[in-house]
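Trainee: Could we go through this structure together? I would like to learn how each label is earned.

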Amino acid sequence: MNFLRRVFPLAGLVIAVASLSGCNILIPDVAADSPARFVQETSPVFYQPPGVDPRRVRPIPDQPVPQTRELYKTQFHQTYGLPVTNPVHMAMYGQQRDEDFTLPAIPVSRVQPQFLRQEVDYQTTERAGTVVIDTKAHFLYFVEGNGKAMRYGVGLGRDGYAWSGRGVIQWKQKWPRWTPSVEMVSRQPEVRPFGAENGGMNPGLMNPLGARAMYIFKDGQDTLYRIHGTPDWQSVGKATSSGCVRMLNQDVIDLYDRVSAKAEIVVM
């Protein structure tokens, strides 16, 4: 009995090994370690048309990589793949709700870039908070100090060139009424319905004074010189037939919030 107990387990192990030998589980594949076989199994397969000798095919020369692209070049010297318009300008001159009115967006792409609001280097002896108007260049500067100023483009009419010197912004008005002068009524009878006797024109999007007006006095006297907004954005940077200092409505709102009461102003 002891002999049979020892023989049967060994016989079972032999039978199991014999049955698994067909699967090669216990036999290592030594050929897998051969470099020649590895190259043969992993080498790429290329398409070779019949009758074409690969040794006689000329390679395509490397093409130079362009260093400058002129596709869709914009006024900001951007190229294809970047914004066509400056997103900062889009934010500054987009549609804006103010008081009871909604100002339409300014098409900034049609305004010369130098007349858009921007902070610039500006060396001056004027103290911070002073407004300086350069009538020749059609710029208005709000002096910030430390050699900096906020610059705005302005349009000027006949009245805009009629006065120069130093004064103060005596008072400011949001959405002012427009009252043409007696001289303007005599020159342009069509504005008579808005004369002083009729109370002037109501505030609004088509009011010639726009969203804000700042009234310039000198020695306590009204100079009749005004800084104001305008619905006619195309007049900024130009000389127009009438009016004082015209600004884009979005710009005159920005200036209005910066200028303090009795701020000094220099017109040259």
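Mentor: Happy to! One rule to begin with: two strands pair if DSSP finds at least two bridges between them. Keep in mind too that this is a predicted model.

Trainee: What makes strand 8 and strand 9 a pair?

Mentor: Strand 8, residues 165-174, and strand 9 share six bridges in the antiparallel sense. The rule asks for at least two bridges, so strand 8 and strand 9 count as paired. One place to look is Lys172, which stands opposite Met214 of strand 9.

Trainee: How do you know that strand 9 also pairs with strand 10?

Mentor: By the bridges again: strand 9 and strand 10 (residues 221-230) have six, also antiparallel. Among the residues involved, Ile216 has Tyr225 of strand 10 as its bridge partner. The two strands form a hairpin with two residues between them, where Asp219 takes a positive phi near 55°.

Trainee: Why is strand 9 called mostly covered?

Mentor: Strand 9 covers residues 212-218, and six of its seven residues are buried. Buried means under 20% relative accessible area, so six residues of strand 9 fall below that cut-off. For the chain as a whole, 35% of the 268 residues count as buried.

Trainee: Which elements does the chain have besides these strands?

Mentor: The full count is five helices and twelve strands.

Trainee: What makes a group of residues a nonpolar core?

Mentor: The members must be buried residues of the nonpolar kinds, joined through side-chain atoms within 4.5 Å. The largest such core here has 27 residues, and Val131, Ile133, Leu140, Ile227 and Leu255 have the most contacts inside it. Elements giving two or more residues to this core include strand 9, strand 10 and helix 5 (249-258). Helix 5 provides the largest share, four residues. A second, separate core has 18 residues, including Ile106, Leu116, Val132 and Ala149.

Trainee: Which residues is Ile227 in contact with?

Mentor: Leaving aside neighbours within four places in sequence, the partners of Ile227 include Val131, Leu140, Met214, Ile216, Met247 and Leu255. As background, nonpolar side chains in soluble globular proteins tend to be buried together.

Trainee: Why is the pair of Phe101 and Trp175 called tilted?

Mentor: Let's start with the distance: the ring centres are 4.3 Å apart, and the limit for a pair is 6.5 Å. The planes meet at 40°. Under 30 degrees would be stacked and over 60 edge-to-face, so this aromatic pair is tilted.

Trainee: What does that pair tie together?

Mentor: Phe101 lies in strand 2 (residues 101-103), whereas Trp175 is in the loop between strand 8 and helix 4 (182-187), so the pair ties together parts 74 residues apart in sequence. The exposure labels of the two residues can be checked as well. Trp175 has a relative accessible area of 7%, so it is buried. Phe101, at 22%, is partly exposed, because its value lies between the 20% and 50% cut-offs.

Trainee: How do you know that Phe139 and Tyr141 are edge-to-face?

Mentor: Their planes are 75° apart, and over 60 counts as edge-to-face. The centres are 6.1 Å apart, so the pair is within the 6.5 Å limit. Phe139, at 12% relative accessibility, counts as buried, and so does Tyr141, at 9%. Ring pairs also link Phe139 and Tyr141 with Phe115 and Tyr122 into a cluster.

Trainee: What lies over the face of Phe139?

Mentor: Arg151 does, at 4.1 Å from the ring centre. Similarly, Arg212 lies over the face of Tyr256, at 5.2 Å from the ring centre.

Trainee: What makes the phi of His138 worth a remark?

Mentor: Its phi is positive, about 60°, although His138 is not a glycine. Most residues other than glycine have a negative phi. His138 lies in the loop between strand 4 and strand 5. Leu224, in strand 10, also has a positive phi, near 65°.

Trainee: Are His138 and Leu224 buried or exposed?

Mentor: His138 has a relative accessible area of 12%, so it is buried. Leu224 has 59%, so it is exposed.

Definitions and conventions: Residues are numbered from 1 along each chain as its sequence is written. This is a predicted model: local features need pLDDT of at least 70, side-chain atom pairs count only at pLDDT 80 or more; totals for chains, interfaces and linings use all residues. Side-chain values use heavy atoms; hydrogens and water are left out. Buried means under 20% relative accessible area, exposed over 50%, partly exposed in between (1.4 Å probe, protein chains only). Contact means heavy atoms within 4.5 Å. Rings of Phe, Tyr and Trp (its six-membered ring) pair if their centres lie within 6.5 Å; planes under 30 degrees apart count as stacked, over 60 as edge-to-face and the rest as tilted. A charge sits over a ring if NZ of Lys or CZ of Arg is within 6 Å of the ring centre and within 35 degrees of the ring normal.
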